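Hello,

Here is the structure I said I would pass on. Please open it first, then read the notes below with it on your screen.

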Amino acid sequence: MKSLVVSDLSAWFGRKRVLRSVDMSAEPGSVTAIIGPSGCGKSTLLRCLNRMHEEVRGARAQGKVLFDGLDIYGPGVDPVDVRRRIGMVFQRPNPFPTMSIFENAVAGLRLGSKMRRAELQERAERALRASGLWEEVKDGLDEPGGKLSGGQQQRLCIARALAVEPEVLLMDEPASALDPASTLRIEELIQELKSRYNVVIVTHNMQQAARISDWTLFMLYGEVVEYAPTKKMFTTPEDRRTEDYVTGRFG
Amino acid sequence: MIASAQTGAAATFGRRRLKDRAFTAFLWACGGVALVPLGVIAYYVVRRGLPALSVAFFTKTPAGPLDPSAGGMVQSFIGSGLIVGMACLISIPLGILTAIYLSEYGRGRIADAIRFVAEILLSTPSIVAGLVVSAVVVTAMRSFSAIAGSLAISLLMWPVITRATEEILRLVPQELREGALALGLPRWKVILRIVIPTAGAGILTAMMLAVARGLGETAPILLTALGSDYVNSSPWRPTDAVPLRIYDYARQPLEALQQVAWGGAITLMVGVLVLSIGARVLSARQERRLR
Ligand SMILES: Nc1ncnc2c1ncn2[C@@H]1O[C@H](COP(=O)(O)OP(=O)(O)OP(=O)(O)O)[C@@H](O)[C@H]1O
Ligand SMILES: [Mg+2]
C-alpha cells in the first residue's frame with residue numbers, strides 16, 4: 001500500500017487546458033473521492049494518476065505525481081509499469097468480448113506473465129471473491145463475460161483490475177451505469193477493499209461520496225477548490241462554492 | 001365551415017396516401033430493374049456453363065489441334081490458385097500490418113500518405129497495375145511469370161485489405177484498448193491479444209473480399225503471367241489463369257472452345273459468390289458480437 005502525492009499537475013487536450021496545477025494526495029487505507037460538476041476534469045485527473053491520460057490523441061500532462069516517493073512522470077518511467085501497479089476501473093463496464101469470465105478475470109496475468117493454469121485458477125477465484133462475484137459465476141466460469149448483467153460485468157472488471165494485485169485502485173464513476181442494488185454492492189465492495197488498497201474514486205453522487213470516502217476533493221473548471229476530510233467537507237466546508245455544491249445549490 | 005374543412009382534410013389525406021403508394025411502387029420497380037441484369041447474367045452463365053462442366057473440364061489441359069474435343073482447363077485452375085495464392089502471401093500480411101499501423105499508431109503525415117496511396121491504388125484501373133508490373137518485373141526478369149502476375153494482383157488486393165481491415169479495427173471500441181492498457185499490458189500485446197481477436201472475423205471478411213477481387217482480375221494477369229496451355233507450378237514461368245482462358249476462348253469462333261469459356265465463367269462466378277457470401281455471413285456474425 002503506497003501513497004499518491006500530486007503536485008502542480010496540469011493537463012491538456014490539444015491546446016485546451018483542463019487541469020490547472022492540481023495538488024492532492026491519496027493515502028493508503030483510505031478512500032479519496034473526487035467530486036465536481038460535469039466537465040470539471042475529474043476523469044482527466046484520475047487518468048493522469050496512472051498515465052492513461054496520454055493515451056488520448058493530443059493529450060498531455062505536466063507536473064508531479066509521486067507514487068511511493070517516485071515521480072511517475074519522471075524520465076525513464078515506463079507507463080506500462082505504472083499502470084500495472086495503479087489499476088483502474090472505468091465508468092462503463094468493458095469486459096473483453098472474446099474472453100470467458102475466467103479469462104477476463106485473469107486477463108492481466110494471462111497476457112502479462114507466464115503463470116500456470118492452477119495458479120491462474122487460484123488468482124481468478126481470489127479476485128472474483130474480492131469483487132463479490134464468485135458465488136454468482138463459479139459454476140459458469142467458461143461462459144462469455146459479455147453475457148453477464150451490467151452490474152456483474154462491472155464487478156468482473158473490478159476483479160480483473162484486482163487480479164494483477166495493484167497497489168492503488170482508481171475508479172471512475174464505477175456505479176453510474178448500474179441499478180441501486182448493484183451500486184450498493186459496489187459501495188460495500190469499496191469499503192472492503194479500503195483496508196488493503198488505496199482507493200481513489202470519481203463520483204457524481206454526493207451521497208455516495210459522503211457514504212464511502214474518507215477524503216473528498218472538490219473541483220471546478222479544472223481547479224481544486226477544496227480538499228478535506230469528507231466529514232468536514234459535508235458539514236463545515238471552508239469555501240463558499242463547496243458549500244453551494246454539496247448542498248445542491250448549483251452544479 | 002367545419003364540414004368543408006373535414007372534407008378538405010380527407011382529400012389531402014387521400015392524396016397523400018396515393019402519393020405514398022405511387023412512390024412505394026416506384027421504388028419496387030427500381031429494385032426490380034436493378035435485379036434484371038443480375039438475373040440475366042446468372043441465367044446465361046448457368047445455362048451455357050453447366051453443360052461444359054465435366055471431369056475432363058477439371059482434369060485435362062487444352063486438347064491438341066488433332067483432337068476433336070476441347071479438353072479442359074486444369075492448367076487455368078492451378079494457375080489461378082498459384083497466382084492468387086502467392087498474391088495472398090504478399091498482400092495479406094502487408095495489408096494487415098499496414099492496417100494495424102494506420103488504426104493503432106498512424107497519426108500525422110506518414111499515415112495520411114499511406115492512406116492516400118491506398119485510396120489511389122483502390123481506384124487505379126487494374127490494367128494500369130498490370131502495365132506497371134509488366135514494365136518493371138517482366139522486363140527485369142525477361143519473362144512473363146506467375147510471380148509477376150501475383151505482384152500485379154497484390155497491388156490490387158493490398159489496398160482492399162488495408163482499407164477494409166483498418167475500418168474493422170476502428171470498430172473495436174476504444175474502451176477495450178483502454179481496459180487492457182490499464183491492466184499494465186504493453187501496446188503490442190493489447191493489439192495482438194485483444195484488438196485483433198475482437199476484430200477477428202471482420203479481418204477474415206476483408207481477406208475474402210480481396211481474394212474474390214484477385215480471382216476475377218484479367219487484364220493485369222494478361223500483361224504479366226501471359227497464359228499457357230500447360231500445367232505450371234513454377235512461380236518463374238508463364239502461367240494460365242481462369243479469367244485469361246475465358247478471355248482467350250470467348251474470342252474463338254469454335255463452339256467447343258466457347259463452351260469451355262462458359263464453364264470457366266460459371267466456376268469463377270461460383271467461387272467468387274461463395275467467398276462473398278462467406279464474407280457476408282462472417283461479418284454479420286461479427287457485428288452481432290461487437291454490439
Ligand atoms: N478526448 C477529449 N478531447 C478533448 N477534450 C476532452 C476530451 N475528454 C474530455 N475533454 C474535455 O476536458 C474537460 C474535462 O473532462 P473530464 O472528462 O475530465 O470531465 P469530468 O469531470 O470527468 O466530467 P463528467 O462528470 O461528465 O465525467 C471537459 O471540458 C471536456 O470537454
Ligand atoms: Mg468523467
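I begin with the place where the two chains meet: 22 residues of chain A and 17 residues of chain B take part in the contact. On the chain A side, three elements each give two or more residues to it, namely helix 2 (79-85), strand 6 (86-89) and helix 4 (107-112). Sorted by class, this side of chain A has nine nonpolar, six polar and seven charged residues.

Please keep in mind that this is a predicted model. The predictor gives the complex an ipTM of 0.93 and a pTM of 0.85. For chain B the average pLDDT is 91, and 96% of its residues score at least 70.

Next, the ligand. Which residues are closest to ligand 1? They are A:Phe13, A:Ser38, A:Lys42, A:Ser43 and A:Thr44, out of 13 residues that surround the ligand. Strand 2 (16-26) and helix 1 (42-48) of chain A each supply at least two residues of this shell. Helix 1 of chain A has the largest share, with three residues. The shell as a whole is made up of seven polar, four nonpolar and two charged residues.

Now chain B. The domain assignment splits chain B into domain 1, residues 2-52, and domain 2, residues 59-290. The C-alpha centres of these two domains of chain B are 37 Å apart. Where the domains touch, seven residues come from domain 1 of chain B and seven residues from domain 2 of chain B. The domain 1 side of that contact has five nonpolar residues, one polar and one charged.

Last, a pair of helices in chain B. Two packed helices are described by the angle between their axes and the distance between the axes. How do helix 5 and helix 6 of chain B cross, and at what angle do their axes do so? The axes of helix 5 (residues 126-141) and helix 6 (residues 146-171) of chain B come within 9 Å and cross at roughly 145 degrees. The crossing of helix 5 of chain B with helix 6 of chain B is right-handed. From helix 5 of chain B, the residues in contact include B:Ser126, B:Ala129, B:Gly130 and B:Val133. Helix 6 of chain B meets them with residues including B:Ala148, B:Leu151 and B:Leu155. The residues of this contact between helix 5 and helix 6 of chain B comprise 10 nonpolar, three polar and no charged.

Regards

Definitions and conventions: Residues numbered from 1 in each chain as written. Chains lettered and ligands numbered in written order. Predicted model: local features only at pLDDT ≥ 70, side-chain atom pairs only at ≥ 80, totals over all residues. Axes fitted to C-alpha atoms, helices over the stretch in contact; angles between N-to-C directions. Helix = DSSP H or I, 4+ residues; strand = E, 2+ residues; numbered from the N terminus. Left-handed = near helix turned anticlockwise from the far one by under 90°. Nonpolar A, V, L, I, M, F, W, Y, C, P; charged D, E, K, R; others polar. Domains from an automatic or database assignment. Near = placed C-beta within 6 Å. pLDDT = per-residue confidence, 0-100.
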